[in-house]
Amino acid sequence: MKRISLTLLAALFFLSFISWSQSSFAQELPYPPAKEKWNADSLGNHRAIVEVTGTGNVASVKIAWRRPDTHPENKEIILMDATTGKRVLNMYAPVVNREYGIIYFQPVPGHKIYYVYYMPYRLKGSANYPHAIYPEPVQMAREAWLNTAKTTKHFAAAHLVRLEPIDLFNSFYPMEMIATKEETNTLMQEHPHAGYLVFPEDRLHPVKMEYDLPYWWIKEGVKSTFSGTADKGEYYAFQLGIYPVKENLQNIKIKFSPLKDKGGNSIPDSLITCINTNGISYAGLPETFQVNVPEKNIQAMWCYIKVPEQAVPGLYEGVATVTADNAPSTKINLHITISSKTATDHGVNEPWKMTRLPWLNSTLFQKNTVIPPYTPLQISGNTIRLLGRKMILANTGFPEQIQTFYPIEMTGISDVPNNLLAEGIHFHIVNDKNKDIKLQSGEIHFTKETLGTVEWQSTSTSPSLNMVVNGHIEFDGFVSYKVAIIAKENIQLNDIKLHLPIKPDVAKYFMGLGYKGEYRPDSIHWKWNVATKNQDGGWIGTVNAGLHFELRDQHYSRPLNTNFYLLKPLVLPASWGNNDKGGINVFKKGISVLVDAYSGQRAMHAGDTLYYNFNLLITPFHPLYTDWHWEHRYYHDYKPVSYIKSAGANVINIHQGKYINPYINYPFIATRQMKAYIDSAHRLGMDVKIYNTIRELADRAYELYPMFSLGHEIFPAGKGGGYPWLQEHLNNDYIPGWYTPETNDAAIVDGGASRWHNYYIEGISWLVKNVGVDGLYLDDVAYDRVTMKRVKRALLQNGHPGIIDLHSANQYDKNDGWNNSANLYMSLFPYINRLWFGEYFDYNHNGPDFFLTEVSGIPYGLMGEMLQGGGNAWRGMIYGMTSRLPWTEGDPRPIWKVWNEFGIVGSRMIGYWVPGCPVKTDNPDVLATVYQKQGKALVSIASWAKTDTTIHLKMDWKALGIDPARATITAPAIKDFQPVREFKPGEAIPVKKEEGWLLIIK
C-alpha cells in the first residue's frame, strides 16, 4: 500500500506539472524562442505556483520540486504575490531539501496565487563570460510573525498548482526530476539480485543526470523490452541507461542481434551501433572505447539503427545484450516497428530525434583528393613536385633540397627555383664521447603514390641503433616525418638533434618560440615549457620561400587555445622534451642559418624506441590571388541584403548571435530563416558565409547530452560554473565558454581531435546542400588540417564557392600560451581565402616585419583585413588590406571608391619587399607598394618613422611605363585618410607619423 500511495502522490504531482510542460518532451526548439515569463536574472529560471484556499496569518505549502541541484538549503527563495507583483517578506522555510520544501508565508487576504522562485541567481563576471552565484537565504520576516509561524498549529490551506520553468529550454521535466531516496531504495529492493539495472529509454528523453535516477524511471519501472517506431531509411536512435547498484562496472559493451520480422526479413546487426563503445575517428580510423561506470552513477549508452530504405514494414525483434567484465550480462529485447513511410534524408532534417548521431562516425570527404588550386603530386626519382614547389629527397628519407618557384612579387609562378636549404635536413645522434654515431643509409622505398599523397620509408643503421624514417607529403606542401630511433643495445647518448640548415637569404624573418613575427634575431635560444607556453615550433623564411616546423612525438594531443590553453596544455614530447633537457637554438653557422632542435643527454636500453616526429610546411602555399581579393568585399553583419549591396559589399558574413545564426557553432535551429536570407542574397549575386567553427558549442545543441555521455572525448574536463543554464543542467565537469546575451546562448568549450569533427563535416555538407551557405567565417579554430581539408571539400561540392576566412584574436598572451596566430593556424592556411587578424593586434607599434609576417598573410599566399580599432589604413594598403565593413571603427568604403575609380582589378601588385619596385622613397622608414596598370599606377605610401617627416619618391619611370615629362601625381580625396592634393615629380611629400598617402600616378 505504501508503494501505491507513493505512486499515486507522484502521479498527481506529475499531472499538475504536465499540464504546462508536455510540449517540453524533446522536440524542435521553437524559434524565435518564446518570450520569457519573468526576469530570470533577478528571480531565476524556476518557480512553483501556489494557491491559497484557506484563511489565516500563516499559510503552509509543501512543494515536491524534485530538484537536481545540490545543497538547495543554501539557496535563497523568493516569494512573490501574483496579484501585486510584490515580494512577500514574511516567509519562512523550515524544510528545504532536494526532494521537497515546506514554505510558511503570510498571505494577503483575498490574494490566492503566489509564485515561489526557488533558484534565483545573480550574475558576476563579464558580459561574455558570466558566472552565476546563487545567494544564500536571508531571513527577512518580521520577528513577531516569524515566532507565530514557528509555533502555530493552524495554517491557512495552500497547495502546489504546478512547477513552471521560465521556458521549455530551462525545464527539468521529465529527465531531471529526481527520484526520492525512498523511491530509489524501493526500486533496489524490488531487484535484490541485480548487480546493475538497465533502463531502455526513448530518444526523446535524453538521459541527463549522472548521480540521480529520474522519477520518470521510477514511474515507468525497470523494463526488459525497448519498443519504438522508425521510418524506412531512418537513422533511429535509442538509449540504454546503465545504473550499477552494488559495484563499479568495468568495460561495458553492447552486442546486438539482427532484427527480424515474422516473414524472415532482417535488419543486420552491422547496421546497429553504440556510439559509446565503437566509432570512427576524426581521421577516418576505426576506434573502440572502454566504458566504466562507478557504483550508483548513471551512464547513457546511445545506440542507433540505420534502417534500410528497402526494409519491409512491420515489427522487427532482436536483442541487445549488455555485458561487463565483472557482472553477468543483461538482455534487452528490441521491438522496432518499421512504418510504411520513407524518411527524407534519413530523418536528419529532424535533429531533435537524434537522427544525426551517425554523423559522429562519418568518413565524408575523408579521401585525400586534390583540392583546387593545388595540382597533383608528381614523382620523378627522388624528386616530388607540387604547386610552385619541389622537394628532393636524400637516401636518408629527409629533404636534400626544398625549392619554391614563386617570384618575390608573389603574384605568379616562375621557372626559377628558390633554394631553401644550405644543405640537407639531417639528424645528429651523439654518443657519450661526444662523437656522431655514423648511420649507414639505405634506399628510399615509396610506399604510397596517389595524386594527393606520397609516402616513403628509409632505414639507416649502425651497430648500436637504427633510425627508421617514414615520410609523408601532401599536395598542399604539408610534410610529416615519423622518425623512430631504436636502440639495439644499451647506450648512453649526449644528444639526438635535428638540423634544418636554411640559406641565409631565405632566413630573413622568424616567427614563433616566443618571438613575434619579425626580422630574424642573430640568435634564438628556446627551451620547452608546455605548462605555460603553446610553443613547439616556428616559421623561418622570406616572402617567397619559407619553412614552418613543429616537433612532435607519438603522444601529441592538440591543446586548447583561445583563452583556454592553460586548462589543457601541450603534452611534453618524451623524445624532444627529455624531461625539459631539450630545446631549439637558431643561429648563423657557416653557410647556413641553422635551426638546431636538440634533446640532451639520455640513456637508451636495448629495444627502446624514441619517436622524433616533426612536421614541415613549405611556404608560400600558392601565389597571391589579388584580383579575387579586390573583387570580394565583405560585410560582417546581419542586415538586409539590398542595404549591404548598396554599401558596395558582395560577401556577407553572418556572425553567431544574429537572428538567422543565433547559437554559437550550432547553425541548425534557424535554418528556415537562414535559407530565406541566403536565397535573397543569391538573387542579387551575393555570397553568404556563416560563423561556424569548432572551439565551443552552444548549449542548445540537440545532441548535447549524447556528447556528454562520451566522457571527455568531446568536452574536456573542467570545474563547471558559468551561466546558470550550464550550472543547472550539466554535471559540473565542463569548461564554460562564450556567452551571447542577445540570444541567451551559453557555450561549452569542446576539446581537440574528436568525432565531433565528423559531425561538423556532415553538418557543413548539409548546410551547403540544404541551406545554400557559400562558406564559413572561422573565429579561431580548434581543429587541425585533417578536418580543414574535409571542410574545404564540403564547401566546394557541387560548384559552390567554398569561401573561408579566418579570424583570430592575437594568441600572443598568457592565456593562449604565447603563441602567434599565424604560427598556430599555418597548417590551415592552404584552404583559407582571407585572414582577419584581429583583436589585440597592434598595427601602430609594430614594424613592417610584424605586419608582413603575422598580419598580411602574403608570405603564405594569402591576403587579409584588419580589425583592432579599424586598423591602420595607410599601413594596411601597403599589403592590400583595409578594415572590414562595418565591424570596426574603420570604414573601407572611401578606399573601395578609389579602387573602383583607379580600376585596381587587373593591376599588378609590386610590394615594397620587391627589390625592383618601381616606386621607392628616400626614407627607409617610409615604404611604398605599387599597384600597376597600363600607363598608370596606384602607389600606397606608409610611414614607420618615429616622427612626421618629408620624403621624395624615387621613380623607375621606364618600369612604370609612364613618361615623366607628362606625369601627374594626384592624391585623391579620401575621407578620414587624406585630402585631395597634387604633387609634381621630385616634389617633397610630407608624411605624418603612422600615416601615409594613396597616390595615382599617370
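This tour moves from the whole chain to single residues, one selection at a time.

**Before you start**

The model is predicted: local features need pLDDT of at least 70, side-chain atom pairs count only at pLDDT 80 or more, and totals for chains, interfaces and linings use all residues. Residues are numbered from 1 along each chain as its sequence is written, and side-chain values use heavy atoms, with hydrogens and water left out.

**Stop 1: the whole chain**

Show the full protein chain as a cartoon. Its secondary structure comes to 18 helices and 63 strands. Helices (H or I, at least four residues) and strands (E, at least two) are DSSP runs, numbered from the N terminus. The radius of gyration is 33 Å, close to the 30 Å that the globule rule gives for 1002 residues, so the chain is as compact as a globular protein of that length. That radius is taken over C-alpha atoms, and the globule rule is 2.2 Å times the number of residues to the power 0.38. Along its principal axes, the C-alpha trace spans about 105 × 75 × 60 Å.

Now colour by burial. Buried residues make up 60% of the 1002 residues. Buried means under 20% relative accessible area, exposed over 50%, and partly exposed in between (1.4 Å probe, protein chains only). Among contacts between residues at least 6 apart in sequence, 72% join residues at least 24 apart. A contact means heavy atoms within 4.5 Å.

**Stop 2: strand 63**

Select residues 996-1001, which form strand 63. Is this strand enclosed or open? Six of its six residues are buried, so strand 63 is largely enclosed by the rest of the structure. Gly996, Leu998 and Ile1000 point one way, while Trp997, Leu999 and Ile1001 point the other way.

Add strand 57, residues 936-943. Strand 57 and strand 63 pair in the antiparallel sense over six bridges. Two strands pair if DSSP finds at least two bridges between them. Look for Ile941, whose bridge partner in strand 63 is Trp997.

Then add strand 60, residues 969-971. Strand 60 runs antiparallel to strand 63, and two bridges join them. Here Thr970 has Ile1000 as its bridge partner.

**Stop 3: Ser940**

Stay in strand 57 and pick Ser940. Ser940 is buried, with a relative accessible area of 1%. Which residues does Ser940 touch, not counting those up to four places away in sequence? They are Trp874, Met877, Ile878, Leu927, Ala928, Thr929, Tyr931, Trp997 and Leu998. Trp997 and Leu998 take you back to strand 63.

**Stop 4: Pro985**

Move to the loop between strand 61 (981-983) and strand 62 (989-991), where Pro985 is found. At 39% relative accessibility, Pro985 counts as partly exposed. Leaving aside neighbours within four places in sequence, Pro985 is in contact with Trp957, Pro964, Ala967 and Ile969. Draw a distance from Pro985 to Lys954: their C-alpha atoms are separated by 9.2 Å, with these positions 31 residues apart along the chain.

**Stop 5: helix 15**

Select residues 848-856. Nine of the nine residues of helix 15 are buried, so this helix is largely enclosed by the rest of the structure. Among them are Phe850, Phe851 and Glu854. Just after helix 15, Gly857 takes a positive phi of about 85 degrees.

**Stop 6: strand 45**

Select residues 651-654. Val651 and Asn653 lie on one side of strand 45, Ile652 and Ile654 on the other, and all are buried. Strand 44 (residues 634-635) pairs with strand 45 in the parallel sense over two bridges. Tyr635 stands opposite Ile652.

**Stop 7: backbone details**

Most residues other than glycine have a negative phi, and most peptide bonds are trans. Four places to check follow.

- Tyr31 and Pro32 are joined by a cis peptide bond, with omega about 0 degrees. Pro32 is in the loop between helix 1 (2-21) and helix 2 (40-43).
- The peptide bond from Leu885 to Pro886 is cis, with omega near -10 degrees. Pro886 is in the loop between helix 16 (873-878) and helix 17 (893-902).
- Leu513 has a positive phi of about 55 degrees although it is not a glycine. Leu513 is buried, with a relative accessible area of 5%.
- Asp780 also has a positive phi of about 55 degrees. At 1% relative accessibility, Asp780 counts as buried.
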